[in-house]
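Got your viewer open? Load the model, switch on the cartoon view, and let's take a walk through it together.

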Amino acid sequence: MEKYLPDIYKKNIYEINYDKLKSLGIKCLLFDLDNTIVPFREKEPRIETKELFYKLKQKGFKIIIFSNSPKMRLSKFKEELNVDIFGSARKPRIKNFNKVLNMYKYDINEVAIIGDQILTDIVGGNNVGITTILTTPLEPKDPFFTKPNRFREKRIMRKLRDNNLFKKGKYYE
């Protein structure tokens, strides 16, 4: 059950204490895109996202959009947010997590992943040993290929809740 537990659980990317992450030695933030940064149907970043990412870069964070979506979907976000992208990441497989660590020369204790899915973002991050941050999905609708994961995720969340390990909507750091 440990592999399903995020280190931090927040309502959205705007409520994360990035100063605390910085004090813990985090230097690189891997952000999932769909339903974490924007709802999956949106094709460009919102103003508040641009402002947040600008502030995070000012604090010295390296920001990478690390998504299972193809590179083409990420291109507009790369351009408008001035961040690096890693598309078709195939989360939760650890191969591409390790590729990012090696490419950018980060240790596992210097990287955090922020995403809305337990079975991709959290399991993948936990399997490689980086800090994991779960956010509530921005909207209840998901693309068709995410629906099976959401079904499994609900069952996992129930088990975690029944074991007093996690409660949906009870945010923590």
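We start with the whole chain and then pick out a few strands and side chains.

**The whole chain**

Keep in mind that this is a predicted model. Colour by secondary structure and you should find six helices and six strands. Trace the chain from its start and the two kinds of element take turns, in the order β-α-β-α-β-α-β-α-β-α-β-α.

Now zoom out. Along the principal axes, the C-alpha atoms fill a box of roughly 40 × 35 × 30 Å. The radius of gyration is 15 Å, which agrees with the value near 16 Å that a compact globule of 173 residues would have. Buried residues make up 50% of the 173. Among contacts with a separation of 6 or more, 68% link residues 24 or more positions apart.

Switch on the surface: the chain exposes about 9500 Å², and carbon and sulfur atoms supply 50% of that. If you colour by charge, there are 36 positive and 22 negative charges, and their mean positions are 5 Å apart.

**Strand β5**

Select residues 111-115, which form β5. Is this strand enclosed or open? Five of its five residues are buried, so β5 is largely enclosed by the rest of the structure. Show the side chains next. In a regular strand, side chains alternate between the two faces of the sheet. Here, Val111, Ile113 and Gly115 are on one side, Ala112 and Ile114 are on the other, and all of them are buried.

Now add the strands that pair with β5. Residues 131-135 are β6, which runs parallel to β5 and is joined to it by four bridges. Click on Ile114 and you'll find Ile133 of β6 opposite. Then add residues 28-31, strand β2, which also pairs with β5 in the parallel sense over four bridges. For Cys28, the bridge partner in β5 is Val111.

**Strand β2**

Stay with β2 and show its side chains. Cys28 and Leu30 point one way, Leu29 and Phe31 point the other way, and all are buried. Bring in residues 62-66 as well: this is β3, parallel to β2 and joined to it by four bridges. Cys28 is worth another click here, as it stands opposite Lys62 in β3.

**Phe97**

Next, select helix α4, residues 95-104, and pick out Phe97. Its relative accessible area is 2%, so Phe97 is buried. What does Phe97 touch beyond its neighbours in sequence? Its contacts include Leu30, Phe66, Ile113, Val128 and Ile130. Leu30 belongs to β2, and Ile113 is one of the β5 residues. Try the distance tool too: the C-alpha atoms of Phe97 and Val111 are separated by 9.9 Å, with the two residues 14 apart along the chain.

**Thr49**

Jump to helix α2, residues 47-58, where you'll find Thr49. With a relative accessible area of 0%, Thr49 is buried. Not counting residues up to four places away in sequence, Thr49 touches Tyr14, Ile37 and Leu81.

**Gln117**

For the last stop, go to the loop between β5 and α5 and select Gln117. Is this loop residue buried or exposed? Gln117 has 11% relative accessibility, so it counts as buried. Leaving aside neighbours within four places in sequence, Gln117 is in contact with Ile122, Leu134, Thr146, Asn149, Arg150 and Glu153.

Notes:
Residues numbered from 1 in each chain as written. Predicted model: local features only at pLDDT ≥ 70, side-chain atom pairs only at ≥ 80, totals over all residues. Heavy atoms only, no water. Rg over C-alpha atoms; globule rule 2.2 N^0.38 Å. Buried < 20%, exposed > 50% of the residue type's maximum accessible area, 1.4 Å probe, protein only. Contact = heavy atoms within 4.5 Å. Areas by Shrake-Rupley, 256 points an atom, 1.4 Å probe, with all protein chains shown as cover. Lys, Arg positive; Asp, Glu negative; His and termini not counted. Charge placed at Lys NZ, Arg CZ, Asp CG, Glu CD. Pairing = 2+ DSSP bridges.
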